[in-house]
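Subject: The structure I promised you

Hi,

Here is the structure we talked about, with my notes underneath. Open it in your viewer and follow along as you read.

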Amino acid sequence: MQLGRQLALMQSATTAQDSILRDYFRVLIKRVWVVLGTLLIIFGATLIATLRSTPIYDAKGSIAINKPDPMLSNLRDGNNSVDYYDPTDLDTEVRILQSDLLALQVIKELNLDRLPEFGGHGMRPSSSLELTTDAIQPDSARATELLGAFKGNLRVLLVPNTRILEIHFRSPNKELAARVVNTLANTYIEQNFKTRFESTMQASDWLSRQLVDLQMKVETSQQKLVRYQKEHNILGIDEKQNITTQKLDELNKELTAAESDRMEKESLYRLAEAGDAESAASVAGAATGSGKSSAASSGLLDKLEAQKADLKVQAAQLGTQFGPAYPKIAQINNQITEIDTQVQLEMKKVTARLRGDYMASLHRENMLRAALEDQKQQDNKLNESAIEYSLLKRDFETNRTLYEGLLQKLKEAGVTAGLRSNNIREVDIARTPGAPAEPNIARNLVFAFALGLSSGIGLAFLLEGLDNTVRTPEQAQAISGLPSLGMIPLGSKIGAEAGAKQGLVVASSKEPVELITQARPQSQMAESYRALRTSLLLTSLGAPPKIILITSALPREGKTTTSVNTAIVLAQKGTRVLLIDADLRRPSIHKALGMGPRVGLSNVLTGGATSQQATVRSPILPNLFILPAGTPPPNPAELMASQQMFDLLAELREQYDHIVIDTPPTLSVTDAVVLSTRSDAVVLVIRSSQTTKPALRRTRDILTQVNARVAGVLLNAVNLNSPDYSYYYEYQGKHGQRYYDESQTDENSIAAASGGA
């Protein structure tokens, strides 16, 4: 089931797509003359305009913009410049080439304002150009006009991935186009050099002014430095700083040594001051390095101590031998006492001498400390002076460096100004063009063909969309919602000539009415009416409709032709058929059948005649009867709605198998609407490519509102050669036309028609 649904969906989608493509193709085939006409008009107009246009020549020259010279860059920068070039510089040069200044210079040099293409009037005196390239007047209308004309023909292009600029100028004069390009290139190169020279000279002037200021600053800073040196006695700040630092270091070392010496001598003095003879002797011996007196004192003390020791030994020996009272022991004790006195005296001398050494060391230490402090103060003062001195010296050296640098730049600027250096060179000069750039005939014609074809196709679809008429039975059925009873093709030329011979035309309406079903029974039109007959007989369930009303939406849609031929084909079936002309305003059936004015329907309804008196047997077929319209009444609508009309139809229903009523158009009068309620079937006739869609809808609405039994819609005057009916030939096949005989005419029918006429 799902597979079947998918296949059905795919088939419907393919059919819809194929239908859309067929519709597009049908529109193009139908409107082929619109497409071809539009194409020919646009193509022809473009061709004429191209051939009549003035040839425009395009001259081209090129220039190269190289990187600046590194040597000159070094001269200007004073250091090694980086190999860098901003890509936007090339765009800037393009804008400069398109500037007003260069344009006015070229205009002035070539006297372009005298040329007609720039709004000139031929040769004039050289003073005619009242423009200046140094001061452009914004409010000058003439300058604006010249610039617009010049820049409108100028193009400057940057060749991708290169430093080459292409200059294009277009002009009807090919020599002038080349001269303009070359003059613009030369002017641009000269202007570039001039700009560089002027910028260098401006820099030189600025440097000169700066040098004067810097020179004054150098002199001022130098005077301050010298004055400060004199005020603070600064001769060589760097050497003096070195001497002061060295002296401070030496004083520090001497102070340390003096402190050590003072502490040593202080310890010796304190030891001697304790009063121990041996210690005093050793101290005196240790102090022998300080002088001869110390050595002598140490030797004397040692000698006295030795004598004292000997005397004590002698006293001890004598006391042991002779006893303590021995006189010589007393003498020895006196000697010992004398020696102690001498030792004490000598110790005092040693102590006094050590004290003097200690005090001398202490004094020396204090002097060194004071000298060190004084040296520190001098060093701090020197540092303070050195700071100010360094600031003044640095300011002087900075100003001098700037002065020397600017002086060097000034000299380099003079050298650079003397060098004619330019990074722009001409690559190709503009040559006189050999062929015009415009008009490009091939391109214009291809464009015209494409534009004409697309415009023609668009116009074809636009006209198709604006076409509000009904063209096919499918459209009629979709718009009205009514069944399609068929279609009647247009008559051929042969049929028209045959009908003219028989006099079968409606003079009042000038609408051709052919008895095609009788004159050419084997024709395609006759077969179409037979198909209509079949559709009508099968529309009603049970018995076929007896009263058949034929109407149309608007006049001249073929309802009378349809009524006559429908009655004929019904009569050809062998049934009794009555054809009633119910168009009391513009009757035409009696004229179509060659019948003169006589009584008819209006006379019957007004009581002037009976139905049998007004009914006439047709000369075409014996079982076809005609009830003409009769004398035109003043109130046809009231007669159609009268009870007499209803009674007449009821009476005639019993006498005939089929009654065909030809009525006026539905939208014009109400006659057809009134009679539609008493009819078994209503046939709505519309004319292909003439009846509008709103008219069809309105007619349907009017008939359905009165509950008329509308059998369907009949499309009349169908042009089967139209692309709208291409499917018709597909259905009939290649040999389908062999079933129809359009050339042969039924001689008996023509004779009968002629005799009846």
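How many helices and strands does the chain have? There are 26 helices and 14 strands. Please keep in mind that this is a predicted model.

Some overall numbers to begin with. The chain has 757 residues, and 41% of them are buried. The accessible surface adds up to about 41,500 Å², with carbon and sulfur atoms supplying 55% of it. Now take the contacts between residues at least 6 apart in sequence: 80% of those join residues that are at least 24 apart.

Next, the sheet. Eight strands make up an open sheet with mixed pairing, and the order across it is E5-E14-E13-E8-E12-E9-E11-E10. Its edge strands are E5 (484–489) and E10 (616–617), each of which pairs on one side only. E10 is joined to E11 (residues 624–627) by two bridges, in the antiparallel sense. If you'd like to find one of these pairs on screen, look for Arg-617, whose bridge partner in E11 is Phe-625. Helix H17 (residues 559–572) packs on this sheet and touches E8, E9, E11, E12, E13 and E14. The directions of H17 and E12 make an angle of about 170°.

Two other helices deserve a look. H12 (residues 441–466) has 26 residues, which should span 38 Å at 1.5 Å a residue; the end C-alpha atoms are 36 Å apart, so the two values agree. Which residues of H12 are buried? They are Asn-444, Leu-445, Ala-448, Gly-452, Gly-456, Ala-460 and Glu-464. Just before H12, the loop that follows strand E4 (424–428) contains Pro-439. A cis peptide bond links Pro-439 to Glu-438, with omega at about 0°.

The other one is H22 (residues 643–655), where 13 residues cover 19 Å from first C-alpha to last, close to the expected 18 Å. Its buried residues are Met-645, Phe-646, Leu-648, Leu-649 and Leu-652. Viewed down the axis of H22, these buried residues fall within an arc of 160°, so they line one face of the helix.

Now for Ser-602, which sits in helix H19 (residues 601–606). Is Ser-602 buried or exposed? With a relative accessible area of 2%, Ser-602 is buried, because the cut-off for buried is under 20%. Apart from neighbours within four places in sequence, Ser-602 is in contact with Leu-584, Ala-629, Gly-630, Thr-631 and Pro-633. Ala-582 is 20 residues from Ser-602 in sequence, and the C-alpha atoms of the two are 8.7 Å apart.

Last, a pair of loop residues with positive phi. Asn-111, in the loop between H5 (100–110) and H6 (141–152), has phi near 55° although it isn't a glycine. Ser-689 is in the loop between E13 and H24 (693–705), and its phi is near 65°, again a positive value in a residue other than glycine. How accessible are they? Asn-111 counts as partly exposed at 27% relative accessibility, and Ser-689 counts as partly exposed at 45%.

Have a click around and write back with any questions.

Cheers

Terms used: Residues are numbered from 1 along each chain as its sequence is written. This is a predicted model: local features need pLDDT of at least 70, side-chain atom pairs count only at pLDDT 80 or more; totals for chains, interfaces and linings use all residues. Side-chain values use heavy atoms; hydrogens and water are left out. Helices (H or I, at least four residues) and strands (E, at least two) are DSSP runs, numbered from the N terminus. Buried means under 20% relative accessible area, exposed over 50%, partly exposed in between (1.4 Å probe, protein chains only). Contact means heavy atoms within 4.5 Å. Accessible areas come from the Shrake-Rupley method with a 1.4 Å probe; for residues, only the protein chains shown count as cover. Two strands pair if DSSP finds at least two bridges between them. Axes are lines fitted to C-alpha atoms, for helices over the stretch in contact, and angles run from 0 to 180 degrees between N-to-C directions. The expected span of a helix is 1.5 Å times one less than its number of residues. The arc is that of the directions from the helix axis to the C-beta atoms.
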